[in-house]
Amino acid sequence: MTSQVIEGGAPSRGRAFLASFIKNILPAVPLLLIVGFFFLFPIGRLIYVSFMSNENTFTFDNFKTAVQEPYRTGFVNSIKIGVFSAAIAAFPGAIAAYFIETRGSSKLRRTIAVMSGVLANTGGVPLAFMFYAALGIQGYLTKVLKSLGWDLYSGTFSLGSFIGLLIVYLYFQLPLMIIVFSPAIVSLRREWSEAARNLGANQFNYWIRIGIPLLFPSFIASFLLLFASGFSAYATANALTVGNLPLTPLQIGGLLDGNVSAAQLNLGKALGVVMIVISACAVIPYLAIQRRSAKWQKG
Amino acid sequence: MRAKRLIAAATAAAVAVGIVAIATPATAAIDICKAKNVKEAGGLDNLIKAAKKEGKLALITTPRDWANYGAIHDAYEKAFGVKVTVDNPDGSSQYEIDTMKTAPKSKQPDSIDIGPLVVAQLTPPGGKPLSTPYKVINWNDIPNAAKDSTGLWYGNYGGKLAIVYNTTLPSVPTKAADFAKPEYKGFVGITGDPTSSNQAFMSVLAASIGNGGEKNLSDVSKGLALFKAVKAQAPLVKVNGTNLATGTAKLGFMWDFNALGIIPAAKAAGLDLKFVYPSDFVLQAPPYINAINAKAPNCANARLWQEFVYSQNKGKTAAQLTAADLKLPGSKLFALMQGGQNYFQQSGADPIMSAAMTKKKLLVPSLLDFKVPSTAKIIGPATIADVLTAREQIISSWASL
């Protein structure tokens with residue numbers, strides 16, 4: 001009681017701050033702690049270590065090596081497989097998502113949602129094994145195709161080649177696209193299409209002027225997510241290749257956890273930092289598009 | 001002035017050392033954590049007594065199906081009543097080094113088993129060694145090229161590269177140069193990425209000596225050329241247990257000492273795998289390396305484990321030890337147990353002391369059903385310097401092969 005009286009006499013700025021802190025910041029503290037501890041701290045530490053030599057002195061050497069062969073080819077291949085697998089999966093995935101969400105029965109939608117969830121998370125050794133069993137040189141599908149007159153393995157095809165890996169990646173990229181793009185389709189309100197029709201727009205006009213511009217930012221966002229998933233996939237590629245198809249995640253794995261390389265841990269970390277930079281660069285066009293579409297949505 | 005101060009300091013230090021030396025009676029001087037050989041540990045009986053008291057041995061990345069390690073673990077556990085734990089059995093040598101550098105005390109291993117290519121990391125220039133010196137009783141029987149003269153590390157067992165193949169292949173491969181035959185197209189490969197896997201790395205060396213590079217082990221260009229020729233027909237497949245058991249991979253190099261683990265697994269899947277040594281040149285790879293961790297949590301077991309792994313005894317395995325045997329005093333029990341070197345020998349690996357053991361007639365027979373053909377010449381073991389040069393070649397050209 002007494003303390004309250006004394007405090008009541010003082011200017012209440014401190015209390016106002018406390019109140020705003022409790023109201024605005026405190027609920028976010030658990031999240032901030034998690035983000036800080038599991039995201040910001042590791043990234044900060046990664047960047048710091050990537051500039052260290054083995055003797056713990058400051059150096060640019062790790063980055064100099066990181067942009068030379070064979071690591072340069074690793075980046076080129078990783079970006080290529082990220083872009084290609086995302087591009088090939090994005091359009092059919094988006095169209096499939098549209099038809100499932102607008103035309104499908106609720107039972108079909110639920111089934112597809114569950115299936116996509118499972119398939120999008122299939123990766124690593126099990127996925128590689130599934131493809132060996134189906135499309136491997138002794139695979140079942142390979143034999144069926146051969147009996148139909150198409151010998152997959154007459155050329156230099158293999159699941160461990162770029163094309164092979166691309167096919168395997170599509171297996172999880174397509175369902176992933178359906179999962180991440182469906183909410184955008186759902187958010188397209190039926191009223192908009194009805195309103196457009198009432199104002200005299202035909203189906204084509206509606207899509208060109210309303211549907212596609214509204215879906216475009218989500219499409220790009222989904223595309224980027226797919227790119228990131230293809231760009232950074234590790235376990236599947238590791239199970240299918242033996243180092244002849246340089247990919248950055250595999251090179252990092254080899255540097256951090258190999259039996260051969262000599263104390264090049266910090267080079268591995270520099271490669272990791274370059275991967276973060278590439279991912280960040282990929283997000284910039286998205287931010288620009290997002291800003292524009294936000295304007296439309298408000299207006 | 002400075003010189004005078006130095007002398008004063010030196011005198012003080014000398015006096016201090018003298019006092020310590022006088023104050024400590026000889027019998028109490030046993031500190032097993034600092035013992036550099038069994039004598040400094042108070043003799044084998046004392047070491048075994050201390051190890052039994054600790055009751056724990058922490059190992060790292062020594063899988064049970066690798067070079068007969070499972071049988072060695074079992075014998076050690078049963079004889080000395082010590083719980084053997086193995087952290088991350090299928091981990092890499094780099095994992096072992098990183099664990100020694102960064103793990104908390106409770107996760108530190110007592111003893112490590114690492115590939116020859118990472119040995120240099122045990123002794124960082126200008127830094128403190130990660131391992132601590134120890135010389136086993138049979139130290140002199142370890143070839144000089146395979147050990148650090150101060151005892152910081154020592155070779156343990158080596159392997160030869162054998163050709164593993166599926167019997168459904170249209171013909172039987174007999175040498176590395178056969179890999180490029182068109183009839184094997186699409187089925188030939190390597191155990192992993194030679195820039196990160198030791199077995200794959202040695203496979204490139206084995207390919208090299210089988211393709212005209214047998215004169216110079218530090219130059220693996222011939223091996224790279226052979227794999228390039230194979231790859232020109234079809235991408236290299238990964239030769240591992242799974243791919244061999246599904247028929248995806250049918251031909252490649254593998255450690256001879258893993259044959260006893262691989263063949264039955266493939267047979268269970270209905271496939272017939274065979275191992276043969278190349279008929280022309282067989283690569284004797286540099287040995288895997290043992291060392292005691294400087295931060296070993298169980299000092300006595302860390303040392304007793306070395307003595308056991310480097311024991312040349314013929315004798316009883318875990319299953320053959322009787323209850324009466326287990327009551328024997330430490331060194332007597334130790335003497336009637338089969339030593340680690342003979343367990344490696346059984347798996348088909350080459351115990352590091354095989355030359356000395358052959359002379360002493362202590363080697364037990366190997367359990368492998370294939371032998372080095374009389375036409376073949378054994379090349380190697382490659383020295384650490386050789387493999388380091390070869391490594392640069394492989395790192396710079398494997399990715400773009």
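**Exercise 1. Classify A:Arg209.**
Task: Is A:Arg209 buried or exposed in this predicted model?

Solution.
Step 1. Take the relative accessible area of A:Arg209, which is 66%.
Step 2. Apply the cut-off: a residue counts as exposed over 50%.
Step 3. A:Arg209 is therefore exposed.
Step 4. Place the residue. A:Arg209 belongs to helix α11 of chain A, residues 203-232.
Step 5. Add a distance. Between A:Arg209 and A:Pro183 there are 20 Å from C-alpha to C-alpha, at a sequence separation of 26 residues.

**Exercise 2. Check the length of a helix.**
Task: What should helix α3 of chain A span, and how far apart are its end C-alpha atoms?

Solution.
Step 1. Helix α3 of chain A covers residues 29-50, which makes 22 residues.
Step 2. At 1.5 Å a residue, the expected span is 32 Å.
Step 3. The end C-alpha atoms are 29 Å apart, which agrees with the expectation.
Step 4. Look along the axis. At A:Gly36, α3(A) bends by about 40 degrees.

**Exercise 3. Describe the surroundings of B:Thr62.**
Task: Where is B:Thr62 found, and which residues does it contact beyond its neighbours within four places in sequence?

Solution.
Step 1. B:Thr62 sits in a loop of chain B, between β1 (56-60) and α3 (69-80).
Step 2. Its relative accessibility is 5%. The cut-off for buried is under 20%, so B:Thr62 counts as buried.
Step 3. List the contacts, leaving sequence neighbours within four places aside: B:Tyr69, B:His73, B:Val86, B:Pro89 and B:Asp113.
Step 4. Single out B:His73. Its side chain makes a polar contact of 3.4 Å with the side chain of B:Thr62.
Step 5. Turn to the strand before the loop. In β1(B), four of five residues are buried.
Step 6. β1(B) runs parallel to strand β2 of chain B (residues 83-87), joined by five bridges. Within that pairing, B:Leu59 has B:Val86 as its bridge partner. B:Val86 is also one of the contacts of B:Thr62.

**Exercise 4. Find the partners of β12(B).**
Task: Which strand does β12(B) meet over four bridges, which over two, and which over three?

Solution.
Step 1. Strand β12 of chain B spans residues 288-293, and six of its six residues are buried.
Step 2. Strand β3 of chain B (residues 111-114) joins β12(B) by four bridges, antiparallel. Here B:Ile112 is partnered by B:Ala291.
Step 3. Strand β4 of chain B (residues 131-132) pairs with β12(B) over two bridges, again in the antiparallel sense. B:Ser131 faces B:Asn293.
Step 4. Strand β5 of chain B (residues 154-158) contributes three bridges, also antiparallel. B:Tyr157 is opposite B:Tyr288.

**Exercise 5. Account for the cover over α12(B).**
Task: How many residues of helix α12 of chain B are buried, and what covers them?

Solution.
Step 1. The helix runs over residues 340-347, and eight of its eight residues are buried. Among them are B:Tyr343 and B:Phe344.
Step 2. The covering elements of chain B include α3, β5, α8 (259-268), α9 (299-309), β13 (350-351) and α13 (354-359).
Step 3. Go just past the helix: B:Gly348 has a positive phi of about 100 degrees.

**Exercise 6. Size the interface.**
Task: How many residues of chain A contact chain B, and what area is buried between the chains?

Solution.
Step 1. Count contacts: 29 residues of chain A touch 38 residues of chain B.
Step 2. The buried area is about 2,800 Å², with 55% from carbon and sulfur atoms.
Step 3. On the chain A side, A:Val242, A:Asn259 and A:Val260 lose the most area to chain B, together 27% of what that side buries.

Conventions. Residues are numbered from 1 along each chain as its sequence is written. Chains are lettered from A and ligands numbered from 1 in the order in which they are written. This is a predicted model: local features need pLDDT of at least 70, side-chain atom pairs count only at pLDDT 80 or more; totals for chains, interfaces and linings use all residues. Side-chain values use heavy atoms; hydrogens and water are left out. Buried means under 20% relative accessible area, exposed over 50%, partly exposed in between (1.4 Å probe, protein chains only). A polar contact is a pair of N or O atoms within 3.5 Å; within protein, one must be able to donate a hydrogen and the other to accept it, and residues adjacent in sequence count only if both atoms are side-chain atoms. Contact means heavy atoms within 4.5 Å. The expected span of a helix is 1.5 Å times one less than its number of residues. The bend at a residue is the angle between axes fitted to the seven residues ending there and the seven starting there. Two strands pair if DSSP finds at least two bridges between them. Buried area is the accessible area (1.4 Å probe) that two parts lose on being put together, summed over both.
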